[in-house]
Amino acid sequence: MKKKIAVLPGDGVGREIVKGATSVLAAIGQRFGHEFEIEYGEIGGAAIDSSNTPLPTETLELCKRSDAVLLGAVGGPKWDHLPSHIRPERGLLAIRKELGLFANLRPVIAFQTLLQSSPLKPEIAENVNLMIVRELTGGLYFGKPSERRGDQQDVVVDTLQYTREEIERIVDQAFELAVVRQKKLTSVDKANVLESSRMWREIVDEKAKLYPQVEVEHMYVDAAAMKLVSRPKDFDVVVTENLFGDILSDEASMITGSLGMLPSASLRADGFGLYEPVHGSAPDIAGQNKANPIAMILSVALMLKYSFNLREEAESIEQAVQEVLNAGYRTSDLEIAGGTVVGTDQMIELILQRVEEGSAISSIMGAYM
Ligand code: NAD
């Protein structure tokens, strides 16, 4: 298989962990006989420095002529003083919107060897394997008007808008995932208060008739927030709108103990996707060879699975990660789980060796999808 991949390192630790992604991809190409052509582009603060905009046209064009996009992370204190329309994070919102990436998938898996690093009790966190499906290009973050009003500018308005089509396509995506996972879908809304949530619920109920094998439950967002930390094992696929998904997926990420472990995929209906770790640019540890590269490396596995349907290749990355963790290697964010602490580069090298050699263990992450 021959594929072109746009790689956008971004800022801070993004630039360090992207090296892990590209070297693992090269090793997969070598081992399985695929050709992955990589072309780099700038986004975020680095792009502001070079082109005065967080998403240069060349970067967008590069993504459009590629088969998938890998992104590190954006942002940092250097750009925090800028007006909001040219902040690094604007680049992220813009690229999602411009590429039509409406479905954000975040698998949350508790690794047995890392249970000690979760703030939850081990008996609550163990065996958690859930997938949050968040609508990414509609709702409050994009609705207009969004402004201050009045003579004193002391009235504010934000707009929560969804079309039927926008809700239908994300709900479809979530049902398709539930079918190949544990066949359970939790739809999260606030239908007791919001009209948008009432339409969301109606659509989920309509779609449920097409997927009789999937058990469907509706849950208010406040109840879902509680249940994610009290009974996270009860969830399989969780589907929700943009704002609720933003908050719940960060909450769920803590089940694993470190943001450095969590990959994500942002997809279009045709399979095109942007893959990135859930975490940000971690300015507090940037440049110190301390960042955990696993979220970035697992994002490559998601890309191979979702965009290219290369399941065996994806699983060989997941197995390599699991084997390195089982062997007791940790980056410093996972130190509390015990074991041998290594830097970013060494962690990449350890995973790379196992990807090159192939691994004997089976993947617990197979149920990513
Ligand atoms: P952050 O995710 O960068 O960091 C939060 C904490 O987690 C920090 O203590 C950091 O050291 C740690 N951490 C994050 N990734 C890690 C990794 N791979 N290995 C080890 N530790 C890791 O969030 P923040 O500090 O709130 O934001 C920093 C900057 O990143 C801000 O400018 C923010 O806007 C931006 N941001 C970008 C994205 C993105 O690019 N998708 C997401 C969130 C935040």
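Select strand β6, residues 143-149, as the opening stop; Pro145 lies within this strand. The model on display is a predicted one. Within the strand, centre the view on the link between Lys144 and Pro145. These two residues are joined by a cis peptide bond, with omega at about 5°.

**A loop residue with positive phi**

Next, select Asn127. This residue sits in the loop that runs between α5 (122-125) and β5 (129-135). Asn127 is not a glycine, yet its phi is positive, at about 65°.

**The ligand and its surroundings**

Now select the ligand and display the residues around it. The shell consists of 20 residues, of which Glu89, Gly280, Ala282, Asp284 and Asn292 come nearest to the ligand. Colouring the shell by class shows nine nonpolar, seven polar and four charged residues.

Three polar contacts may then be visited in turn. Begin with the backbone of Val74, where an N or O atom lies 2.9 Å from an oxygen atom of the ligand. Continue to Gly76, where a polar backbone atom is 3.1 Å from an oxygen atom of the ligand. Finish at the side chain of His279, which places a polar atom 3.1 Å from a nitrogen atom of the ligand. On its own the ligand has 800 Å² of accessible area, and the protein covers 69% of that area.

**Helix α11 and its two partners**

Leave the ligand and select helix α11, residues 311-326, together with helix α1, residues 14-32. How do the axes of α1 and α11 cross? They come within 11 Å and cross at roughly 130°. The two helices, α1 and α11, are therefore oblique to each other. The crossing of α1 and α11 is right-handed.

Keep α11 selected, hide α1, and add helix α12, residues 344-357. The axes of α11 and α12 come within 8 Å, with a crossing angle of roughly 125°. At this angle α11 and α12 are therefore oblique to each other. The crossing of α11 with α12 is right-handed.

**Helices α8 and α9**

For the last stop, select helix α8, residues 221-230, and helix α9, residues 242-253. Are α8 and α9 roughly parallel or oblique to each other? The axes of α8 and α9 come within 10 Å and cross at roughly 10°. Angles under 35 degrees count as roughly parallel, and α8 and α9 are therefore roughly parallel to each other. Their crossing, that of α8 and α9, is right-handed.

Notes. Residues are numbered from 1 along each chain as its sequence is written. This is a predicted model: local features need pLDDT of at least 70, side-chain atom pairs count only at pLDDT 80 or more; totals for chains, interfaces and linings use all residues. Side-chain values use heavy atoms; hydrogens and water are left out. A residue is near a molecule or strand if one of its heavy atoms lies within 4 Å of it. A polar contact is a pair of N or O atoms within 3.5 Å; within protein, one must be able to donate a hydrogen and the other to accept it, and residues adjacent in sequence count only if both atoms are side-chain atoms. Accessible areas come from the Shrake-Rupley method with a 1.4 Å probe; for residues, only the protein chains shown count as cover. Ala, Val, Leu, Ile, Met, Phe, Trp, Tyr, Cys and Pro count as nonpolar, Asp, Glu, Lys and Arg as charged, and the others, Gly among them, as polar. Axes are lines fitted to C-alpha atoms, for helices over the stretch in contact, and angles run from 0 to 180 degrees between N-to-C directions. Helices (H or I, at least four residues) and strands (E, at least two) are DSSP runs, numbered from the N terminus. Angles under 35 degrees count as roughly parallel, over 145 as roughly antiparallel, 65 to 115 as roughly perpendicular and the rest as oblique. A crossing is left-handed if the near helix is turned anticlockwise from the far one by less than a right angle, and right-handed if clockwise.
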